[in-house]
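Please describe the empty spaces in this protein, and say which residues line them. A short account of the overall fold would also help.

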Amino acid sequence: MRIRIVDAFTDRPFAGNPAGVLLLDAFPDDAWLQSVAVEVNHAETAFAHPLPEGGEADWALRWFTPATEVDMCGHATLATAHVLHSTGTTKGPVRFATRSGVLVATPHEDGSLTLDFPTAPLTEEPVPAGLAEALGARPLSVHDTGPSVGDLLVELADERTVRGLAPDLRALAAHSRRGVIATARAADPAAGHDFVSRCFFPNVGIDEDPVTGSAHTALAPFWAGRLGRTDLTGLQASARTGLVRVGLRGARTLLTGSAVTVIDGELTA
């Protein structure tokens with residue numbers, strides 16, 4: 001079967017966040033799906049198969065890290081939609097049935113895609129004991145992001161602090177179900193982004209995720225409230241970097257980005 005590696009939330013290869021994508025006739029057993037994700041060894045591998053016409057969704061979609069299946073993944077959804085459209089498998093918006101409900105990906109003439117995801121509910125919490133030491137920086141505020149995202153969103157003093165983080169990942173793992181989103185206001189909005197973030201997910205086998213779509217469903221309402229605008233651009237300041245354009249629409253968040261297929265091959269196992 002065909003397997004593709006797609007760099008998501010970037011318009012050039014070897015940047016953004018790579019994801020494996022497999023289009024199947026049906027889902028094999030979970031052990032095989034997990035084994036493929038381990039072999040691919042990227043933050044996520046997406047598996048999709050077509051659904052009968054006339055239903056609420058067009059494709060079933062699941063996401064696996066090298067360690068576990070996850071409830072929501074933005075970059076692997078973008079990568080899957082990119083494969084479907086770039087190969088001519090589908091045209092127009094595509095609806096995915098997922099653990100997080102029906103998610104829609106809409107293509108644009110410039111090749112970018114917009115994902116329609118549920119907005120993460122934010123609940124401010126006291127700074128947990130030991131978090132500053134684990135992260136290596138003093139939080140200004142901490143928010144829980146709800147069950148679907150499963151992270152702590154941690155506001156830091158400035159962009160320089162976010163970029164310079166070198167957290168104790170083992171200690172950080174004790175503070176959330178999936179991981180920690182560290183964020184700060186952009187040092188210079190003229191640089192083309194409004195805020196920066198880095199995402200550390202040791203509990204699902206990902207020390208640092210290059211670009212995280214699901215995290216931006218929490219970052220969008222957080223920064224919309226502080227900056228007074230609902231359409232923003234986030235820079236995820238990982239080594240690979242990536243841009244996510246976000247649009248807060250109440251209970252839904254729009255995530256827009258591009259993707260590039262870098263490997264197209266055959267899985268023989």
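In what follows, Ala, Val, Leu, Ile, Met, Phe, Trp, Tyr, Cys and Pro count as nonpolar, Asp, Glu, Lys and Arg as charged, and the others, Gly among them, as polar. This is a predicted model, in which local features need pLDDT of at least 70 and side-chain atom pairs count only at pLDDT 80 or more, while totals for chains, interfaces and linings use all residues. Residues are numbered from 1 along each chain as its sequence is written, and side-chain values use heavy atoms, with hydrogens and water left out.

On a 1 Å grid over the protein atoms alone, a cavity is a set of points where a 1.4 Å probe fits but cannot get out, whereas a pocket is an open set with protein on both sides within 12 Å along at least five of seven lines; lining residues have an atom within 4 Å of a point. A volume is the space filled by probe spheres set on the points, which are joined across faces, edges and corners.

| Space | Volume | Nonpolar lining | Polar lining | Charged lining |
|---|---|---|---|---|
| Largest pocket | about 230 Å³ | four residues | eight residues | four residues |
| Largest cavity | about 50 Å³ | six residues | three residues | three residues |

Of the 16 residues that line the largest pocket, Phe9, Thr10, Asp11, Gly242 and Leu243 lie nearest its centre. Strand E16 (242-249) is one of the strands that supply at least two residues of this lining, and E16 gives the most, with three residues; strands here are DSSP runs of E with at least two residues, and helices are runs of H or I with at least four, numbered from the N terminus. The lining of the largest cavity includes Glu44, Arg178 and Asp209.

The protein chain has seven helices and 18 strands.
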